[in-house]
Structures are given as C-alpha cells and as structure tokens.
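Here is a brief report on one protein model. It takes a helix pair, then a sheet, then a hairpin, and ends with the whole chain.

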Amino acid sequence: MSEFRSITAETGAPYGDPLPVHGPQDVAAACAAAEAAFEVYRATSREDRARFLERCGEEIMALGDGLIETAMRESGLPRARLEGERGRTVGQLRMFADVVRKGWWQQLRVDPAMPERQPLPRPDLRMRMIPLGPVAVFGASNFPLAFSTAGGDTASALAAGCPVVVKGHPAHPITASLMAQALTAAVKACDLPAGVFSQIMGPSHELGAALVQDPRITAVGFTGSRAGGLALVKLAQARPVPIPVYAEMSSINPVLLLPQSLKARGAALGTAFVGSLTMGAGQFCTNPGLLIAMEGDGLDAFIASATEGVAAAAPQTMLTTGIRDAYGKGVAALTDHEAVETLASGDPGEGTSGGAILFQTSAQAFLANPDLADEVFGASGILVRCADEAEVMAILKALEGQLTATLHMDAEDEPLAARLLPVLERKVGRILANGWPTGVEVCHAMVHGGPFPATSDGRTTSVGSLAIDRFLRPVSYQNLAQSVLPEPLRDTALGDGIPRLYDGTLLAGR
C-alpha cells in the first residue's frame, strides 16, 4: 500500500486527500536522524531545552481552529473536549519546560572522598541521570492530541533530552500530521537538528514493529490495547539489545460504594456514575467499568438512578469502526453470560455509534468467572453485589492491576476504607475519594500507571512530571577530575539552584 485515507468517524466515509504510507526505509531514516541528533540535543542547556518545549506549545496553538475541526472530524469527539485536550497538551509541554529549568530531574548526588576512612578510604563518587537516547512513541486513538504526536510521552521524552520518532495513529492521520508540522516548526525555530522530532505514518502493524526493532531506538512509549502493548513488549525483548516498553494498556477502574455513602446519597451517586461512564462514549482508560457495593440501604436507590440514566443516555460516535465492533462484542458477551443480568441499556445507535449499558452480578459469580473482569472499552459497566466486607476484600484481591480505584465514603466509612487501603495500594496506581476516575490532572503528584496489565511497568507513570524518569538512566562518576566531570556535578556548581544530595544531606535548590 502506497497511500491511505483518513476516515470521518461519524460516517465511516473517507476524508481528505490520500496520504502517503511510510515504509521500512522511512523508519530507518527517521531513526538514523534521531541518533545523529542525540548528542547535540542532550547537550542543550536547560534554558534552551525548556524554551524549545514552550515553542512546541506555541506552534500548536498557532494551528488555530483548523486543528480542532480536523480532530473533530477524524475522532468524532466534540469541540469542547478537544479544545480542553489541546489546552492540556500545551499545558504539559509548559510543565515540562518548568521541570527542565529547575533541574531536579537530574537527581544529582555527591559523596565526596573520605581518604582517611578506615579500614578503607572512600573514593569520590558523583551521580546524575542522563537521557537514554532516541525514543519511539505510539499515538493513541482516544486522545488525538494529549496522548498522541505531541502528547505526554513525547513531551516527557523531549524534556529528558531524547529525540522522538512518533508512529502516528492511523485513526487521525491528518490531525497527527498537523501536530507534527507544529513540532517540526519548533525544532527549526530553535535551531535544533532535524532528527530531534519526526513522525512516520501508515496503517500497518509492520511499520510499528520496524520502529521498535530499530537498534537506535532505546525505549518505547505506548497507549492502547493490551494486545498491542504486549506485542510491542515481545518485540522489544526479542531484540539483541532489549529495551523498555512503557505501555499503558488495560483497566476497569473499580469504584467502591461504601455503605454510609450509599445510605446518604445513593441516588445522586447513580446519576454521577452515569455521567462518568458515558463521558466520551466511555472511551477513557480510566472509565469506571466496575462497581462494588455491599447489600444495604441506598443500593436500590443507586441502581434506580443509574438505570434511569443509562436508559436515557443517547448513543455517541465512537472513535473507529474497529473500536465500535470490539465494544459490541464485549457487550454481547456480557449480555449472553448466564451469571450476568442486564440492568439497563440505552439506544445502541447505528454504524459507528455506541450506546451505554449496565450489568450486575453477584460477588460469587464474579469470582468464579474471571472473564467478567475483562475490559470492555466503551460505556459499559458492571455492578458486583457483595454480601459483606469479606466478599469485597476477596474481589479486590482477585483483581488484576488497575490504573485507579475510587472510594465513595462518608466519615462513618473511614474505618472500612482504612482496612481496604493496603489491598488497593497493591492493585492500583491512583486511589481517589468521592470523585470519578475520568479526568487525569497533569501535575507533579499524579500517577497514571499501575500494576500489570494496567501498564507494562507499574513503577512508572505516563502523566505528570515523574513521567520524565522513564527516559533517563543513572551514571556514577568515580574519582574524575573536576575539569572532566559534567558541569552540574562539579564543586563549582554548588549553589546553582538545583537540589542535590550531598554526603547524605539534601541541599535544597534556591
């Protein structure tokens, strides 16, 4: 295939001019350019790199309304959602610019020599984090701006000092091309090597496989399905030199409705749940797909409110026909399951549209049928009714790793919440109270990750300033002369405003 077409999400009809399809030779050229740019880019000053990240955001904003209109057409997402996503994309670039300027991401450590120490002297040891090298980033279907070409993986890798080669998502190729134009313009405006950023496009899996297998790529960022993420992990581990794949993949995000919160506001919780479940046609990795509640006062009110909301929910355009078909299969499997009852379903829609649906089952049935915990990517939720705290605990312990868990609780529920917390900590990356998991704040304390299969490496996050750590590695320098040491580790750098651990004492930046 030498070219392919963009698709209008709402109708499934082709949109725009035919687009060229890149091949293995284009992948090799992009990776070679990234490798050639690496030494120059990693050596940029903190200020120059920060200014580049800010310029990326400025160039994205300069695309104007055409970017939003194109993304609307290719994704089916509404204007307000995409305008907010553009703001988030630019905001995280600015956040990483601030992180780069402050310098703490280098994690500087100095243990000065102790020549008089007995029985053996201690050498002079100094450590910092350095960038890995060229990084491959795979665009996501459900966030055409914030998790794609110029999204969080790209922003954090560029902040770390790593050139980026993006595999643009074929579901929104024109949007991806516009975003790539913006980043390319920023590279040129900041007088950086062209290989600092590039993007390859095409609908085939082979293109992504070639990118991951290129020996110049040192790490991979991915957001998508479990099957897709695991395929990349397998390819990366089979290389002569294996590399890390930071894949965000699968989660059903349990919501625990604790007894007193249900008793106090069961109906209101049901309404709020439907709002979160149906947001963006349920196409969020943090969608609340699993509800866990004990029998008691307020549960019937919650169910009545939630079923009313689901039944009234209008169908929404889904991102692609493939996602809509997969959603339909997942819903059908639950509908036909002998241990599952359908509580309510909305208008299923036609073509690329998908409707909302709510199921329920017992704790014993949920534990006996592991397939009931499979992710259904869309506005589908299942309520598990538990007899007591022991059944709630058993369900939590049986769950796979998740991105989030939510506790709806009142003051009287706090002792129960405290007992559940140690189990939740082992299962999820983010625990929230009296809210809904859809919506991920871009900040320093955010963790958007979790134990497998939520991510391929539960020690990391793909959102927030900590995401930069994925594309750095530590290097220790022993007994090097001051003139040879990297500048941030020299004695003359003390007081430069960067925090560092000096002989076991944290010296705060100023």
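## A helix pair

Helices α4 and α5 run roughly parallel to each other, because their crossing angle falls under 35 degrees. The model is a predicted one. The axes of α4 (residues 79-102) and α5 (residues 152-160) come within 10 Å and cross at roughly 20 degrees. The crossing of α4 past α5 is right-handed.

Which residues make the contact? From α4 come Gln92, Leu93, Phe96 and Val100. From α5 come Gly152, Ala155, Ser156 and Ala159. Sorted by class, the contact of α4 with α5 holds five nonpolar and three polar residues, and no charged ones.

## The seven-stranded sheet

Strands of a sheet pair through backbone hydrogen bonds, parallel or antiparallel. One open sheet here has seven strands with mixed pairing. Their order is β13-β15-β16-β11-β10-β17-β18. The edges are β13 (341-345) and β18 (428-433), each pairing on one side only. Neighbouring strands of this sheet are turned by 20 degrees against each other on average, direction ignored.

At one edge, β18 pairs with β17 (residues 402-408). The pairing is parallel and runs over five bridges. Within it, Leu407 has Ala433 of β18 as its bridge partner.

## Helices on the sheet

Helix α11 (residues 321-335) packs on the sheet. It touches β13, β15 (357-362) and β16 (380-386). The direction of α11 makes about 35 degrees with that of β15.

Helix α14 (residues 414-427) also packs on the sheet. Its contacts are β10 (254-257), β11 (290-294), β17 and β18. The direction of α14 makes about 155 degrees with that of β18.

## The hairpin of β1 and β2

Strands β1 (residues 3-7) and β2 (residues 14-20) pair in the antiparallel sense. Four bridges join β1 and β2. Ile7 has Pro14 of β2 as its bridge partner.

How many residues lie between the strands of this hairpin? There are six. In this hairpin, Gly12 takes a positive phi near 80 degrees.

## The whole protein

The protein has 14 helices and 21 strands. Its radius of gyration is 25 Å, close to the 24 Å that the globule rule gives for 510 residues. The protein is therefore as compact as a globular protein of that length. Along its principal axes, the C-alpha trace spans about 70 × 65 × 40 Å.

Methods. Residues numbered from 1 in each chain as written. Predicted model: local features only at pLDDT ≥ 70, side-chain atom pairs only at ≥ 80, totals over all residues. Heavy atoms only, no water. Pairing = 2+ DSSP bridges. Helix = DSSP H or I, 4+ residues; strand = E, 2+ residues; numbered from the N terminus. Axes fitted to C-alpha atoms, helices over the stretch in contact; angles between N-to-C directions. Parallel < 35°, antiparallel > 145°, perpendicular 65-115°, else oblique. Left-handed = near helix turned anticlockwise from the far one by under 90°. Contact = heavy atoms within 4.5 Å. Nonpolar A, V, L, I, M, F, W, Y, C, P; charged D, E, K, R; others polar. Rg over C-alpha atoms; globule rule 2.2 N^0.38 Å.
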